[in-house]
Amino acid sequence: MTGGGVLLISPDALLIKLIGLPDAEILVWRGLLTALGFLAIVLARHGRGAAAAYRRCGWTGIGVALLFSLSTFGFVLGNQYTRAGNVLMILAGAPLIAALLSRVFLHERLPRRTWLAILACLVGIALIALDDAGVGSWRGNAFALLAATAMAANFTLCRTRQDVDMSPMLTLAGGIVAAVAGLYGLMGPGIALPLGTTLAWLLVLCLGLLPLGFTLLQRGPLYLPAAEVGLLMLLEVVVGTLWVWWLLGERPSPAAFAGGALVLGSLLLKGLVDRRVERRQRARGAVQHELC
């Protein structure tokens, strides 16, 4: 589920480049359209029970919406004010932040293989971002750190209510992003309605891919520790880089290829080991059940 969500949102950076709107405008339309997309998904899944699905989230859901909004602001503005390499390297720290938050607040312990996978993926992301890394803007770096921290905190908060699906609250998150960016835009040059190809890409990204992808991602903490969800999100960096190469002709460097292979290989190896451990635990449980 988490992997599928990552693949759906992987063209995000590419489409933001193709859309090419100013800060306030991209945030307003991104927030408004994703809110509509999330609402449509909730209505399709729950029908007449949609209101109850929102109520079940409670105050925890409000926190999830606020944190998701912060991560959206951080991601979009981070890419606007600093180099993409800086953003990627800072976002790669999200699994570590999630692991620390889960350890402190939820007392969740991660197996050694997860820590090793996180370390390997950090090295891989650093290789991918090497050519584009630099001092950059302190403001952009701060936005990227905000995105990584808010994302990790969001997944950790979801783990406190493992019996409740928090994805409906992403509707509120989109509304928050649109409202805040709209107020900022009204104090400046205003907000214009995009037309033509720009509008088409905006609809594909914000009304389709992002609502579907983030709904799946937001359900990830129901089944996985927050650090595991953050770790799988690093796939977006690899796949997103390939999208940009394929459609815009921005060929990755040999170091980026090596970094992508390291990330994919680490996640694949960890997945295989996890599956083997799970099978052993099931077999052991079945034997104990028969003995009883």
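Author: Buried means under 20% relative accessible area. Keep that cut-off in mind, and note that this is a predicted model.

Reader: Fine. Why does Cys158 count as buried?

Author: Cys158 has 3% relative accessibility, and the limit is under 20%, so Cys158 counts as buried.

Reader: And what makes Cys57 buried?

Author: Its relative accessibility is 0%. Set that against the under 20% limit, and Cys57 counts as buried too.

Reader: How many disulfides does the structure hold?

Author: The count is 0.

Reader: Why is there no bond for the sulfur of Cys57?

Author: A disulfide needs two cysteine sulfur atoms within 2.5 Å. From Cys57, the closest cysteine sulfur is in Cys158, 8.7 Å away, so the gap is too far for a bond. Going the other way, the closest cysteine sulfur to that of Cys158 is in Cys57, at 8.7 Å, which is also too far.

Reader: On to the core. Which residues touch the most other members of the largest nonpolar core?

Author: Leu27, Leu202 and Phe214, out of 63 residues. The largest share of this core comes from α4, with 8 residues.

Reader: What is Leu27 in contact with, beyond its neighbours within four places in sequence?

Author: Its partners include Thr72, Phe73, Val76 and Leu77, and also Val177, Ala178 and Ala181.

Reader: Which residues are closest to the centre of the second largest pocket?

Author: That pocket has a volume of about 270 Å³. Of its 17 lining residues, Asp23, Ala24, Leu27, Leu77 and Tyr184 are the closest to its centre. The lining has 11 nonpolar, 3 polar and 3 charged residues.

Conventions
Residues numbered from 1 in each chain as written. Predicted model: local features only at pLDDT ≥ 70, side-chain atom pairs only at ≥ 80, totals over all residues. Heavy atoms only, no water. 1 Å grid on protein atoms, 1.4 Å probe; cavity = no way out; pocket = protein on both sides within 12 Å on 5 of 7 lines; lining within 4 Å. Points joined across faces, edges and corners; volume = space filled by probe spheres on them. Nonpolar A, V, L, I, M, F, W, Y, C, P; charged D, E, K, R; others polar. Buried < 20%, exposed > 50% of the residue type's maximum accessible area, 1.4 Å probe, protein only. Core = buried A, V, L, I, M, F, W, Y, C linked by side-chain atoms within 4.5 Å. Helix = DSSP H or I, 4+ residues; strand = E, 2+ residues; numbered from the N terminus. Contact = heavy atoms within 4.5 Å.
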